[in-house]
Structures are given as structure tokens and as C-alpha cells.
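Here's a quick briefing to read with the structure open in your viewer. It goes through the enclosed space, the chain contact, the fold of one chain and the salt bridges.

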Amino acid sequence: MTEVLDRPSTTQPPGFGTLFSRLVAGGLVAGALAGVFSLLVTERAIAPALDLEEARTAGEAGHDHGEELFSRGEQLVGGFLGTVLAGVVLAVVFAAVYGAVRHRLPGRTDFARVTVLAAVGFAVLALLPALKLPASPPAVGDPDTVGTRTAIYGATLLCGVVAAVLVGVLVQALRARGVGVPGTTVAAVVASAVALALVLVLVPDNPDVIAADVPAAVVWDFRLASLGQLAVLWAGIGLAGGWFADRATRGPRVR
Amino acid sequence: MTSVPHAHPATAASRIAVPAWAWALALLGLFGLYLIAQDNGAVLASMGGTAHEFFHDARHSLGMPCH
Ligand SMILES: [Zn+2]
């Protein structure tokens with residue numbers, strides 16, 4: 001009896017197309033929310049960095065980033081649309097991965113499962129790089145090291161994805177051996193902490209030295225804003241996508 | 001696992017087939033995002049730099065390395 005009541009998802013698996021369209025719609029909502037966050041919060045943290053850059057180039061007169069191609073207003077629109085685009089693309093990738101691992105994720109409903117996978121996505125693709133290579137506002141990074149920093153960023157993401165897969169495999173193996181939820185959780189947390197430590201120690205550090213004329217507050221306000229924007233993006237993918245997907249798969253006997 | 005009602009809250013959902021187009025689209029999307037975020041217009045010589053400038057704030061705010 002409880003078996004029946006406790007099983008809100010339909011027993012029939014949903015088609016991938018249904019999940020895909022709903023998760024991508026969630027990504028669109030997530031991108032729009034994160035885009036609004038960027039206009040309200042992150043752009044406010046970028047502004048002092050741009051002032052600093054302007055003051056510098058006025059003094060040096062020479063190399064610049066070519067910022068004049070677009071006005072500030074157009075760049076704000078671009079920042080919003082870029083965030084929306086990132087939300088949609090991440091949701092497309094998320095949908096494929098979700099389809100592949102859905103039957104292994106904890107949770108009885110698609111809402112729960114989508115939320116869990118989105119939390120993993122945030123940890124691996126946003127939090128981990130933020131710890132290894134914290135975001136920098138314009139004018140802070142050294143243009144000469146951008147290739148190295150991009151490689152570090154990519155290596156961090158790759159290591160994170162590999163670590164997440166390994167932790168997932170570990171959890172599956174423990175479950176198959178009959179280890180309970182507490183034991184499995186502890187093992188997963190410990191394995192994740194070890195993986196985090198390895199990535200932080202083994203992947204090379206950011207080669208940049210922040211210039212003396214950049215106030216620490218400018219950098220840290222931006223870093224927190226950037227992480228907040230990524231948190232909104234992933235929360236949106238998890239909550240909006242999860243809600244949309246759930247509505248398609250929830251069994252008729254509940255509610 | 002089916003005979004133990006309270007041991008695991010996770011009921012095993014049945015497996016879904018992910019079609020090849022979904023993986024292809026995912027890779028294509030990531031590649032497109034990478035192209036847009038990158039500075040050099042090597043691949044999209046004419047519009048690569050322009051797209052980069054337009055989406056430049058998003059590149060910074062989403063935590064990707066830049067200037
Ligand atoms: Zn930049």
C-alpha cells in the first residue's frame with residue numbers, strides 16, 4: 001500500500017523528447033532569471049572595474065580591448081542575452097546527461113532528481129572553478145595569460161566532471177553491496193572532499209598577479225556577484241526544469 | 001531492492017534511451033558557447049570578434065577567464 005502511495009512518478013518512463021523540451025524550457029527561465037540578476041547585481045560590480053580600466057587607458061594611451069565596438073547599453077543587453085544563451089545551452093547538455101543517469105539518481109520524483117543533478121552541476125561547473133580560478137571583472141586579468149587561464153579553467157571543469165562520475169560510480173557500488181543511505185552519504189562526501197583537494201592542489205594556480213591599483217573590494221564584489229549569478233542559473237535549471245519535467249511525469253493517482 | 005520497502009527512498013526509475021541527436025546537440029551547443037566566448041575570431045573570422053564583444057560581459061560574469 002505504501003509502495004503505491006510513495007510512488008509519485010509514473011511507472012512508465014517518459015519519452016526523452018518530453019523531458020528534453022521541459023528541461024530546456026527550464027533552462028530558458030533559468031537564463032532569464034540569471035540575466036536579470038546580472039543586470040541588477042553583477043553589472044553593478046563590473047562598473048567600478050570599467051572606470052578603473054578607463055582611467056588606465058587614459059593615462060597610457062595605447063592597447064585596449066576594443067570596448068568601443070558596442071556601447072555600454074548594448075553590452076548590458078549582450079550580457080543579459082549571453083546569460084540566457086548559456087542557460088539554454090547548459091539545459092540542452094543537462095537534458096542529455098539527465099536522460100542517461102535519471103534511473104540512478106536518488107529521489108522519487110523528477111523534481112527531486114532534476115534538483116539533485118542541478119546541485120551537482122552547480123558544484124562541479126560553478127563552485128569548483130570559482131574556488132580554483134575565481135572570476136575576475138574586466139581590467140583585472142592579464143591579457144597575456146588568458147590562454148593559460150582558459151586551459152586551467154577547462155582542466156578544472158574536466159577534473160570536476162571526472163570526479164563527479166567517479167563519486168557516482170562509488171555510490172552505485174556501495175548501494176549494490178547493500179550499504180545504507182548514511183554510509184553511502186558519508187563515503188560520497190569524503191570522496192568529494194578528497195577530489196576537491198586534489199583538484200585545488202594538482203591543477204596549476206592562476207598565474208596572474210592582481211595589479212596594485214585594483215582595490216580588493218572591486219574584485220571580491222564581482223566574484224560574489226558572479227557566483228550568485230551562477231547560483232541563480234543552476235537553481236533555475238533545477239527548480240524550473242524540475243517543476244516542468246515533474247508535471248509531465250507525475251502519476252495521476254497523486255493529487 | 002524491490003522487496004525492501006523502507007531501506008532506500010530511491011525507487012529505481014526505469015532507464016530512458018537518450019537519442020544520438022541529443023548528444024550531438026549538446027556538443028554543438030557547448031562548441032558554440034566556446035566560440036562565442038573566445039576572443040580570437042580565428043574560426044568565425046568575420047563575426048567571431050563582434051560576437052565576443054557583444055557577449056563580453058556574460059563571459060566575465062559567468063566566471064570564464066578573460067582580460
Ligand atoms: Zn574581458
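Sorted by class, the residues lining the largest cavity come out as nine nonpolar, one polar and one charged. Keep in mind that this is a predicted model. The cavity takes residues from chain A and chain B alike, and those two chains bury about 4400 Å² between them.

**The cavity**

- Searching the whole structure for cavities of 30 Å³ or more turns up one.
- The largest cavity holds about 100 Å³ of space.
- Three elements give two or more residues each to the lining of the largest cavity: α3 (72-101) on chain A, plus α1 (20-37) and α3 (56-61) on chain B.
- Chain A puts G82(A), L85(A) and A86(A) into that lining.
- From chain B, the lining residues are L33(B), I36(B), A37(B), F55(B), A58(B), R59(B), L62(B) and M64(B).
- Which residue is the charged one in the lining? By the class rule, that's R59(B), while G82(A) counts as the polar one because Gly is classed as polar here.

**Where the chains meet**

- On the chain A side, 63 residues are in the contact, and chain B brings 41 residues.
- Carbon and sulfur atoms give 67% of the area buried between chain A and chain B.
- For polar contacts between the two chains, the count is nine residue pairs, with both residues at pLDDT 80 or more.
- Chain A's side of the contact draws two or more residues from each of α2 (16-60), α3, α5 (146-176) and α7 (216-249).
- Which element gives the most to that side? It's α3(A), with 19 residues.
- By class, the chain A residues touching chain B split into 34 nonpolar, 17 polar and 12 charged.
- One salt bridge crosses the interface of chain A and chain B.
- That bridge pairs the side chains of R72(A) and D57(B), at 3.0 Å from N to O.

**Chain A on its own**

- Chain A has seven helices and zero strands, so its element order reads α-α-α-α-α-α-α from the N terminus on.
- The C-alpha trace of chain A spans about 75 × 40 × 25 Å along its principal axes.

**Salt bridges overall**

- Over all chains, the search finds eight salt bridges.
- Within chain A, the side chains of R56(A) and D213(A) form one of them, at 2.9 Å from N to O.
- The R56(A)–D213(A) pair links distant parts of the chain, with their positions 157 residues apart in numbering.
- R56(A) sits in helix α2 of chain A, whereas D213(A) is in the loop between α6 (181-202) and α7.

Technical notes: Residues numbered from 1 in each chain as written. Chains lettered and ligands numbered in written order. Predicted model: local features only at pLDDT ≥ 70, side-chain atom pairs only at ≥ 80, totals over all residues. Heavy atoms only, no water. 1 Å grid on protein atoms, 1.4 Å probe; cavity = no way out; pocket = protein on both sides within 12 Å on 5 of 7 lines; lining within 4 Å. Points joined across faces, edges and corners; volume = space filled by probe spheres on them. Helix = DSSP H or I, 4+ residues; strand = E, 2+ residues; numbered from the N terminus. Contact = heavy atoms within 4.5 Å. Buried area = accessible area lost by both parts, 1.4 Å probe. Salt bridge = Lys/Arg side-chain N within 4 Å of Asp/Glu carboxyl O. Polar contact = N/O pair within 3.5 Å; in protein donor to acceptor, adjacent residues only side chain to side chain.
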